[in-house]
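Hello,

Here is the structure I promised to pass on to you. Have a look at it first, and then read my notes below.

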Amino acid sequence: KQCGSVTYCVPIPDAFTPIIKLKMHGVSIDLLFAKLVKPLEEGQQLEEAAMEDEVLKNMDDRSVRCMNGFRVAEMILRFVPNREVFRRTLRFVKCWAKRRGIYSNVLGFFGGITWALLVARVCQLYPYYAPSQLVN
């Protein structure tokens, strides 16, 4: 509410994975929250700590689910040959699916992670293709 660029902000604490839905500069964002059990060590980066299995020990189930979303996304990015081609292709595929009404886990269609896995696999199969060639 204090940030003028945020036009919509709704917390959903009782969801399977608690989120804060907001719209900033016209972009919809689902913000996840995870509570770390122990503080980061001196000089340790949050992204590095999140990828370690040790960080999940003694964490509540909701926080584990939130962390797993980040961890899966990072793992996908590690295995694609060209991150920029992957991101552009995924952005197109998500837009295409949303415009056709087939982008929604809730309705039984593929959601974000499923589309990301499919695009990542295609990027692996055709590592030298441009985004326009991958979606053709």
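Below is what I found, going from the whole protein to single residues.

Please keep in mind that this is a predicted model.

**The whole protein**

Start with the secondary structure: the protein has five helices and three strands. If you walk along the sequence, the pattern is β-β-β-α-α-α-α-α, so you meet the strands before the helices. Along the principal axes, the C-alpha atoms fill a box of roughly 45 × 35 × 30 Å.

Of the 136 residues in the protein, 24% are buried. The accessible surface is about 10,100 Å², and carbon and sulfur atoms account for 57% of that area. If you take the contacts with a separation of 6 or more, 34% of them are between residues 24 or more positions apart.

You can also colour the charges: there are 19 positive and 13 negative side chains. The centres of these two sets lie 12 Å apart.

**The sheet**

Next, turn to the strands. The three of them form an open sheet in the order 1-2-3, with antiparallel pairing. Strand 1 (6-12) and strand 3 stand at the edges; each has a single partner strand, so one side of each is left without a neighbour in the sheet. From one strand to the next, the twist averages 15°.

How many bridges hold each pair? Strand 1 and strand 2 pair over six bridges, in the antiparallel sense. To find one of these pairings on your screen, look for V10, whose bridge partner in strand 2 is K21. Strand 2 (residues 19-24) and strand 3 (residues 27-32) are also antiparallel, and six bridges join them. Here you can look for L22, which stands opposite I29 in strand 3.

Strands 2 and 3 form a hairpin, with two residues between them. In that turn, H25 has a positive phi of about 55°.

**Three residues to look up**

Is S5 buried or exposed? This residue is found in the segment before strand 1. Its relative accessible area is 18%, and since buried means under 20%, S5 counts as buried. Leaving out residues up to four places away in sequence, S5 touches K23, M24 and H25. You have already met H25 in the turn of the hairpin, so it is a handy landmark for finding S5.

Now try S104, which sits in the loop between helix 3 (83-99) and helix 4 (112-125). With a relative accessibility of 16%, S104 is buried. Apart from its neighbours within four places in sequence, S104 is in contact with F109 and F110.

M75 makes a good third stop, and its place is in helix 2 (residues 61-79). Its relative accessible area is 33%; partly exposed covers the range between 20% and 50%, so M75 belongs there. How many Å separate the C-alpha atoms of M75 and D14? These two residues are 61 residues apart along the chain, and their C-alpha atoms are separated by 28 Å.

A good way to begin is to find the sheet with its order 1-2-3, then the hairpin of strand 2 and strand 3, and after that S5 in the segment before strand 1. From there you can move on to S104 in its loop and M75 in helix 2.

Enjoy exploring!

Best wishes

Technical notes:
Residues numbered from 1 in each chain as written. Predicted model: local features only at pLDDT ≥ 70, side-chain atom pairs only at ≥ 80, totals over all residues. Heavy atoms only, no water. Helix = DSSP H or I, 4+ residues; strand = E, 2+ residues; numbered from the N terminus. Buried < 20%, exposed > 50% of the residue type's maximum accessible area, 1.4 Å probe, protein only. Contact = heavy atoms within 4.5 Å. Areas by Shrake-Rupley, 256 points an atom, 1.4 Å probe, with all protein chains shown as cover. Lys, Arg positive; Asp, Glu negative; His and termini not counted. Charge placed at Lys NZ, Arg CZ, Asp CG, Glu CD. Pairing = 2+ DSSP bridges. Axes fitted to C-alpha atoms, helices over the stretch in contact; angles between N-to-C directions.
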